[in-house]
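Student: I would like a close look at one part of this model, followed by an account of how the larger pieces meet.

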Amino acid sequence: MQYIPNILFLIVLFLGIGFFIKNCKKIIRNIKLGQKVDISDHKKTRWNNVFRIALGQSKMVARPLSGLLHIIVYIGFVVINIEVLEIIIDGLFGTHRIFSGLGIFYNILIASFEILALLVLVSVVIFWIRRNFKKIKRFWSPEMKGWPKNDANIILYFEMVLMSLFLLMNVSDLQLQILGADHYNTAGSFPVSSYLLPLFENLSETSLIIFERTAWWLHIIGIFVFLNYLYYSKHLHILLAFPNVYHGSVEPKGKFKNLESVTTEVKLMMDPNQDPFATPTTESDVPAKFGASDVLDLNRTQLLNAYTCTECGRCTSNCPANQTGKKLSPRKIMMDTRDRLEEIGKNIDRNGHFKDDNKQLLDNYITREELWACTTCNACVESCPVSIDPLSIIMDMRQYLVMEQSAAPNELNISMTNIENNGAPWPYNQMDRLNWKKN
Amino acid sequence: MSEALIVPTMAEYLAQGKSPEVLFWVGCAGSFDDRAKKITKAFVKILNNCGIDFAVLGTEESCTGDPAKRAGNEFLFQMQAMANIQTLDEYKIKKIVTTCPHCFNTLKNEYPNLGGHYHVMHHTQFLKDLLNEGRLKVEGGKFKGKRITFHDPCYLGRANNEYEAPRDLLKKLEVELIEMRRCKSNGLCCGAGGAQMFKDAEAGTKEIYVERTEEALEIKPSIIATGCPFCNTMVTDGVKSKEKEAEVQVLDIAEMIVNAEDIT
């Protein structure tokens, strides 16, 4: 009988981590549906970026208030997780505050967890007020209606509840320590929860133990539920930000990727020794599809980008097209990419393989109007705190529109014809290129 | 005045068995657009004045392919790029300067993958180097103490992290440099990039160039300085739409340097 809590805990741990691993595998499978990318270069720069941008939160502070609040929640998340380790050991082996043997160091740890928990709680409440009551434009865009808004609030409620449970667990523990209850040896320092002591003074030892155990169990179960909620939410960035930043571009932002398949074709066209009427002999001679019409045409970094996006909307609020009322929203590009990828993932879960559903990212999710509104100014890329690149998806989809469908806006077709015919986007003769010298 | 311009072509240099220190890539706007041609001439005046040994490709120059690439036409871009690389390599070009950030970005970042490796500079970077080497003298002149703001071209700033060269030149002109709310890495696009210059904007509530111009006018500059022929066009249109052309000028930094010194 005495091992029932241990066994229960083992089951909770097993289920919590088991489901999480299952979902992680699904994410990895879905990302691997994308085209391979080589990120073996610039290792040093990439690690540097991970330390500076992901761990160091260097881009968050571009917006001082939300940046500061985010850093508090981030540090709280990382540091308070040390406590989870203790909870897991205690749960498995039936110990209580196993790390308390660390003495003064333990007191410092618990004290800092408490202070951080309070700071996180305050920050999260401010986040909630900002999101729901202040008319901050990036939280009220059309793509944020419905689930994305609820999702954001659910995450904030989770954090509020978890931090509160942590503090309640501590204060009831402290009161039990004061009463000298069995197993509740004096350990830890409680600079925050001790203020709540008056509320617990009149409770009996039994009620306190029930209260403390309930808070303890709800706290750890809450953590596991939250861990598994991640996959269904926009909150995966707490894990994926790190690999995503590692994958992020290390080139100047103006350098758009070179399409190798086109290079091969153009070289063939320009080679005077090539027989223009030759039929392709090997499979590799058959030209690949140019650009992207669906998520499977995108590369793995772009798909990882989509899972990493936490819909903060910095990209959209800095987008010149969006600011001037155009339909384009870089955040929506990322959300659509993830939604479509999830849809394909579920299709594969159902059918064992991808069964054509007559849908694609282009038109069914992202409209042409959005794609053509982009000025390629890189403001979205610059503003993303976790190195997401919505512009690369826009460019890949434009390539599909132009090279596979010849569906550019007419004015652009005219410009491109001019470039082809006379080497300038305007209809001026190349032979007049030096005329500026004369007049 | 036009007679004073000395603009040798690469073909002429080759005929004399010489090669210039630097190739001036004029670009389509610089060659054909009436407003941008003035920037081209201003820059050439500075080059002439400093005795820089340069040449242009003239009729052998062709669009870098930037608007084609950004419109999604990788084929056309690569055809343009490979043809240009062929021309540049035949003349054994090592160093290129250009007054257009789009040409600058494409030549610098996107030609290497197709075999074209050159040392490419934006004209503000080139002029700053001339200044540092003592080959160019810039003094305040008529711009001394004037309220001037610089509009960062996306393809010079965010795309290539060059924010200081144009500002250093403006400081040399002893202007009162004032910054717009959104500047440098946070700078707002003029609305012309990504081939938007060549099409109408999608439906919205405002033109991007108007938004940008309004922001510039808020801080009451007497000149909005730029370093890009397309930004120049857009902001000039913006100033006109606000009927402020009598009070606010839109000038390229090269033009300002020429005007300050009254170089002719």
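Student: Where in chain B is the place of Glu139(B)?

Tutor: In this predicted model, Glu139(B) sits in the loop of chain B that runs between helix H7 (123–132) and strand S5 (147–150). Glu139(B) counts as exposed because 12 other C-beta atoms lie within 10 Å of its own, and a residue with 12 or fewer such neighbours falls in that class. Glu139(B) and Leu169(B), although 30 residues apart in sequence, are 9.8 Å apart in space, taken from C-alpha to C-alpha.

Turning from this loop to the meeting of the two chains, the contact takes 57 residues from chain B and 56 residues from chain A. On the side of chain B that touches chain A, at least two residues each are supplied by several helices, among them helix H2 (27–32), helix H3 (34–49) and helix H9 (208–218), while H5(B) gives the largest share, seven residues. By residue type, this side of chain B divides into 21 nonpolar, 22 polar and 14 charged residues.

Within chain A there is a further contact to consider, since the chain is divided into domain 1 (52–235) and domain 2, which is made up of 247–268 and 285–428. The C-alpha centres of these two domains of chain A lie 40 Å apart, and 13 residues of domain 1 are in contact with 14 residues of domain 2. On the side of domain 1 of chain A that touches domain 2, six residues are nonpolar, two are polar and five are charged.

Technical notes:
Residues are numbered from 1 along each chain as its sequence is written. Chains are lettered from A and ligands numbered from 1 in the order in which they are written. This is a predicted model: local features need pLDDT of at least 70, side-chain atom pairs count only at pLDDT 80 or more; totals for chains, interfaces and linings use all residues. Domain bounds come from an automatic or database domain assignment. Two residues are in contact if their C-beta atoms, placed from the backbone, lie within 7 Å. Ala, Val, Leu, Ile, Met, Phe, Trp, Tyr, Cys and Pro count as nonpolar, Asp, Glu, Lys and Arg as charged, and the others, Gly among them, as polar. Helices (H or I, at least four residues) and strands (E, at least two) are DSSP runs, numbered from the N terminus. A residue is buried if 20 or more other C-beta atoms lie within 10 Å of its own, exposed if 12 or fewer, and partly exposed in between; C-beta atoms are placed from the backbone.
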